Amino acid sequence: MCGIVGYVGKRNAQDVLLDGLEKLEYRGYDSAGVALALEGGIRVVKSKGRLAELRKRLAVEALARSGCGIGHTRWATHGEPSDVNSHPHSTPRVSIVHNGIIENYLELRERLTKEGVSFCSDTDTEVVSNLIARLYEEQGDLLEAVRMAVARLEGSYALGIVCRDEPGQIIAAKKDSPLIFGFGEGENFIASDVPAILKYTRQVAYLDEGDMAVFTASGVTFYNALGEQVEKKPEKITWELSDAER
């Protein structure tokens with residue numbers, strides 16, 4: 001069990017992600033990390049240990065302000081807790097966060113290795129980031145690459161994906177792992193659980209099995225498991241964060 005959060009909008013994404021991860025740390029505290037869209041590419045900062053260690057590392061990095069990013073807090077499944085096994089997992093073009101377990105990752109990893117892909121971690125998630133990047137290189141269409149990649153995955157996943165070629169966009173995908181979308185004004189969110197974004201919005205949609213969401217600060221397009229565009233109306237959260245913390 002891990003926690004993921006994603007944000008695009010007018011606020012400082014780093015602050016939003018850290019705030020959300022703090023609310024999700026109950027889902028895993030072996031390591032934490034963020035990927036932020038900055039001028040020149042995606043910057044990843046991650047660290048073994050609790051969220052406080054990531055905060056220290058980010059304070060040292062003193063990154064420029066970003067309006068788009070994804071974050072993760074990890075409970076280790078494949079690969080021991082370490083800096084290198086921490087999420088996000090990245091290629092030069094694509095960074096992802098993942099909650100779930102990819103059951104056929106060894107088969108996929110072997111196939112990608114034969115195609116010349118190198119791996120540096122022991123995680124199942126690094127296979128997903130490299131698979132998406134490989135398909136993106138072939139297809140030239142990031143959304144289609146994600147669709148093709150998840151079709152090859154066996155197991156469970158909630159994914160948040162950013163790409164250096166689309167610095168103001170996040171793609172999310174869900175199967176057998178919790179993922180919600182949060183609607184804002186000039187900003188939008190994803191998270192594993194409502195408390196992570198309740199400070200910023202009370203309008204949410206729950207992604208169904210096989211759903212994908214492609215979103216920017218100004219809007220979102222939802223797709224079902226068949227790849228068809230679907231409409232999801234916001235549901236209002238009426239309970240308070242203090243109720244969830246009891």
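Let me begin with charge: the protein chain carries 29 positive and 37 negative charges, and their mean positions lie 4 Å apart, where Lys and Arg count as positive, Asp and Glu as negative, and His and the chain ends are left uncounted. Each charge is placed at NZ of Lys, CZ of Arg, CG of Asp or CD of Glu.

I should say early that this is a predicted model, in which local features need pLDDT of at least 70 and side-chain atom pairs count only at pLDDT 80 or more, while totals for chains, interfaces and linings use all residues. Residues are numbered from 1 along each chain as its sequence is written, and side-chain values use heavy atoms, with hydrogens and water left out.

Now to the overall fold. The protein chain has six helices and 15 strands, which are DSSP runs numbered from the N terminus, helices being H or I over at least four residues and strands E over at least two. Its radius of gyration is 16 Å, close to the 18 Å that the globule rule gives for 246 residues, so the chain is as compact as a globular protein of that length; the radius is taken over C-alpha atoms, and the rule is 2.2 Å times the number of residues to the power 0.38. Of these 246 residues, 56% count as buried, meaning under 20% relative accessible area, with exposed meaning over 50% and partly exposed in between, for a 1.4 Å probe and protein chains only. Among contacts with a separation of 6 or more, 65% join residues 24 or more positions apart, a contact being heavy atoms within 4.5 Å.

Let me turn to one helix. In α3, which covers residues 105-114, Y105, L108 and L112 are buried, and, seen down the helix axis, the buried residues fall within an arc of 65°, so they line one face; that arc is taken from the directions from the helix axis to the C-beta atoms. An α-helix has 3.6 residues a turn, so residues three or four places apart point the same way. The buried residues of α3 pack against α4, residues 125-139, whereas L106 and K114 are exposed on the other side of α3. Just after α3, G116 takes a positive phi of about 100°.

My last stop is L198, in the loop between β10 (187-191) and β11 (203-206). Is L198 buried or exposed? At 8% relative accessibility, L198 counts as buried. Leaving aside neighbours within four places in sequence, L198 is in contact with I237, W239, E240 and L241; L198 and W239 are 41 residues apart in sequence, yet 9.6 Å apart in space, C-alpha to C-alpha.
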